[in-house]
Amino acid sequence: MRSGVPAHWLLIALPATVLLAFFVLPNALLLSASFLKSEAQQLTAEPTLDNYRFLFTRPLYLEVFLRTFAVGIAVGLIDIVLGFPLAYFLVRSRSRFKGLLIALSLAPLLASVVVRTYGWYIILNRFGFANDVLLNLGVIGERIPFMPSTGAIIIGLAHALLPYAVLTIMGSLNGVNPNLESAAMSLGANRTRTFFHVVMPLCLPGIAGGFILVFSIAISAYATPAILGGPATQVAATAIYNFIIQLLDWSLGAALAVILIVCSLLLLYAAARLGARRAAL
Amino acid sequence: MNGDHTTDNELSRRAFLQRASAAAVLGLGVRDVWGQRTDDLVVNSFGGEYQELFEKAVIQPFEKKFGVKVIHDTTGTSSQDYAKIRASKGAPGFDVAAALSPPEVILGAKEGLLEKITEAEVPNIKFTWDKARKALPPVAVMHTLQFDSLLYNKDKLDKPVSWADYWQPDKRYGAKVKGHVINYNPANLLSVYALIHAAELGGGGASNMEPAWALLKSQKPWVGVVVTTSAEAAPHFESGEVWISPYWSARAGYYISRGIPYGMVVPKEGVIANIDSASVPIGAKNKKLAYEFINFMLEPATQRAWCQAYFCSPGRGDITDWPKAFVESQIVTTQQFESVKLPDLDAIGVNRKDWTLRWQEVMG
Amino acid sequence: MNARIFSARWRATSGPWALLCTVVAFVYVFSLGPILITTAVSFNQTNRSFFPPRGFSLRWWERALTPEWLDPLLFSLKLGTFTALLSTLLALPLAFALYRYRFRGREALVALTLGPLMLPTLVTGVGLLQLFQYVGWREHIGFAALLVGHVVICMPFAVRTVSISLQTLPPNLELAAASLGATPVRTLRHIVFPLIKSGLVAGAVFAFIHSFTDVNLSIFLARPGEVPITVKILGFLEFGFAPTLAAVSVITLLLPLILVAIVERVSGLGDFIYGDRRG
């Protein structure tokens, strides 16, 4: 179409350079430590595959990765299921308080680690609110330690990341012409059919995009899993933190990080292949 | 047809707003690019209530005496601080690292990222406890001592007398204690010490930790809470959920003074000392003042103020006239010092990773 | 029929709308619950954290509103604003290129834009600190390094939201505009750009929020004495929990929300919020 430098190179030049220089380069440097040996917390210059061998032969780490991706998928699903009605409501609502409601829906995103530490602790601990309510309702017989647990991590992350799903879905819901819904209804479809057969397919990019966004953040999340989880429920980010920051063993930490990012990209690639046209990006 | 909603008016209003706010922010931002003035000293230690006490007892008197400004950096745990030191090759942005624990200090010596400090730079070194000073490499100057005490809920439990009361709580306290015991990840030095006590109970020690793992396994059904940092344990004490726990003596003393219904005990098998020290990263900007600061921390007046505020033991054994209650619960005299064990820091450094992984396998 | 009548019709069939409202209300309770609990703690009488709070006191709020906490808060707001602007600026051409063109290496580029989201930010933080040290940029640790790090981890949000907006565009839009006589530039400026505005705004909002709430990367790239609010909170939290923190937490929640609300009101994001275009 045009001669000279292809337009797409011009467009991506600056952003791609920023990402290459300040994301790929520093991480490549750090993650190359995964191929070096660490002795008594010190990095040596000895190349080795022992770090990877170590991680692959311990079932603990396989479990960590399975848990990480399971949490990611669960949180992604919960958030699009909860987020879609909220997004629909916010887009179609005529309420005077719409701006306020949208702002409020952002609240969990801004809630700091303090809220997560304390707020969820109060609700989920063995002697806390959730247990009190469930005991009084007779749903459970004795107190359950809701946290630390993988379930608590999923709840906490779903809570924190819901706004991402809501806003992403809103972005594509905005592009759905309300007249289409009226048209469908005037042609005889009831609201449910319209909802599921007209509206949803049209904003599938937003829904898929919301899922991918929430999933990606959930698998790399540190604070919530650290607070609501425990040593029996480690995820990739807490395990990496444990090695790089607490044990100061950069070889193993780097190896974990490499495995995380490779697996994540593979997963997303597979998903994109399967749903190529539907998935956003 | 409604026409193009994005009229030129809207676009330009938005663009103007963006530019105006960018300009305003830029104006504020310029100030931030300015670097650290060489007569400022940056001291890194802990935040929260520690910060207030430290500022009152140490930093403000120092600022007054030397007529300088101290920037108190309260970010980071000891290992986070060291990760920063390592990543920046000794130039983490602070001049005095007062929050490193002995394992990090040893790493700093091995990796050559902390300055060697002698009596020439910090004259007051000569007054510090001899044996403790020798336990640390010459890149750290000890300023106070703590030990791993046993913290217990006075309302719920009788006073414990042995580390076995923590490691085998059912034997002492029976079924009621189930779910009210806390355990810590060995990434926290406190846990390492507790595990060493467990090993010793079983006839082993830092060089033979097998008995510790057996005790850990048997303790597991009684454990209700597992955390990593000492801070994470605090809400569990506040709520009264945890009834017995190893805990650093200073912090325990501080929380007790704040009104939690707990008591602190030195078990009969003894305790292990934790040496609080200060170091200077090799890339520090203001080393001269950093040495002065460390020296100031060891002055008798400062030691008196700080130790009584934070419930820690002094780093020098020649200070007298402590209040009676203080003498009874802290390490002040040579005799008390001799009764406290010093940690085998080399063994800890070499084995910590393996111990942590082993612990994770048992608890996971 | 226009949108107003349409929604009235929906409303008239009250069943589904009421059900929707109930679901939405439940979601809000879930969202705001833990936050309200922490807010309650901030009014505690004593220095310990009780819930339900015992006694009522405003003194923790007094403490929270001092320069010690307000300075980092302003720093974070500033950093977040710059990050949002830069991220969106960089994201726009990137998203557009990915949407418009099919070229070799496109998949790699997609992976590159997702990368910063999927890797724990602490890794990028340590890596950047190392990098800056390596190339001799130690002086720039602080605002500059933070800005670089934040843009890297926030840009992906903007790229994604803009891409999704682009995907939702009617196909052949540009073709239609061209066939009506518009030049490519005019098409971009007057047709495409307004339609993806919601994606741009969402991207900027996400970038701002992600920057404002980041802690693990910021710990490594902040200069002592000049830290973002999250790092300051973490430092405090490491040493125990006090109602002051709860008060600060509520402020860190409200301020950006107010900022976002102001931006929304003033810069005419009506399109984004009210979504009643395409008559």
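The paragraphs below lead through a predicted model, going from the contact of chain A with chain C to the folds of chains C and B and then to two loop residues.

The contact of chain A with chain C is a convenient place to begin. It draws on 100 residues of chain A and 98 residues of chain C, and the two chains bury about 9,300 Å² between them, with 77% of that area on carbon and sulfur atoms. On the side of chain A that touches chain C, the largest share is supplied by helix H1 of chain A (residues 7-31), which contributes 20 residues. Turning to specific polar pairings, the rule finds 0 salt bridges across this interface, while 5 residue pairs are found in polar contact, both members of each pair having pLDDT 80 or more.

Chains A and C also share a feature on the surface, where Leu25(A) and Leu29(A) join Tyr134(C), Val135(C) and Trp137(C) in a nonpolar patch whose accessible area together is about 510 Å². Among these residues, Trp137(C) sits in the loop that runs between helix H6 (121-134) and helix H7 (143-167) of chain C. Trp137(C) has a relative accessibility of 38% and therefore counts as partly exposed, since that class lies between the limits of 20% for buried and 50% for exposed.

Chain C itself is built from 14 helices and 0 strands, so its pattern along the sequence is written with α alone. Of its 279 residues, 62% count as buried, and the accessible surface of the chain comes to about 10,600 Å², with carbon and sulfur atoms accounting for 68% of it. When contacts in chain C with a separation of 6 or more are considered, 70% of them are made by residues 24 or more positions apart.

Chain B has a secondary structure of 16 helices and 10 strands. It comprises 364 residues, of which 60% count as buried, and it exposes about 14,000 Å², 54% of which is supplied by carbon and sulfur atoms. Within chain B, residues 24 or more positions apart provide 73% of the contacts with a separation of 6 or more.

One element of chain B that can be followed in detail is helix H12 (residues 287-297), which is mostly covered, with 8 of its 11 residues buried. The buried residues are Leu289(B), Ala290(B), Tyr291(B), Phe293(B), Ile294(B), Asn295(B), Phe296(B) and Met297(B). What do the buried residues of H12(B) pack against? Their partners in chain B include helix H2 (48-66) and helix H13 (300-310), together with strands S1 (40-44), S3 (96-97), S4 (140-153) and S9 (273-279).

Two loop residues complete the tour, and the backbone angle phi is the reason to look at them. In chain B, Phe311(B) lies in the loop between H13 and strand S10 (313-314), and although Phe311(B) is not a glycine, its phi is positive, at about 65°. Its relative accessible area is 26%, so Phe311(B) is partly exposed. In chain A, Leu248(A) is located in the loop between helix H13 (236-246) and helix H14 (250-274), and this residue, also other than glycine, has a positive phi near 55°. Is Leu248(A) buried or exposed? Leu248(A) counts as buried because its relative accessibility is 1%, which falls under the 20% limit for that class.

Notes. Residues numbered from 1 in each chain as written. Chains lettered and ligands numbered in written order. Predicted model: local features only at pLDDT ≥ 70, side-chain atom pairs only at ≥ 80, totals over all residues. Heavy atoms only, no water. Patch = residues over 30% accessible without salt bridge, like charges linked within 9 Å, V, L, I, M, F, W, Y side chains within 5 Å. Areas by Shrake-Rupley, 256 points an atom, 1.4 Å probe, with all protein chains shown as cover. Salt bridge = Lys/Arg side-chain N within 4 Å of Asp/Glu carboxyl O. Helix = DSSP H or I, 4+ residues; strand = E, 2+ residues; numbered from the N terminus. Buried < 20%, exposed > 50% of the residue type's maximum accessible area, 1.4 Å probe, protein only. Contact = heavy atoms within 4.5 Å. Buried area = accessible area lost by both parts, 1.4 Å probe. Polar contact = N/O pair within 3.5 Å; in protein donor to acceptor, adjacent residues only side chain to side chain.
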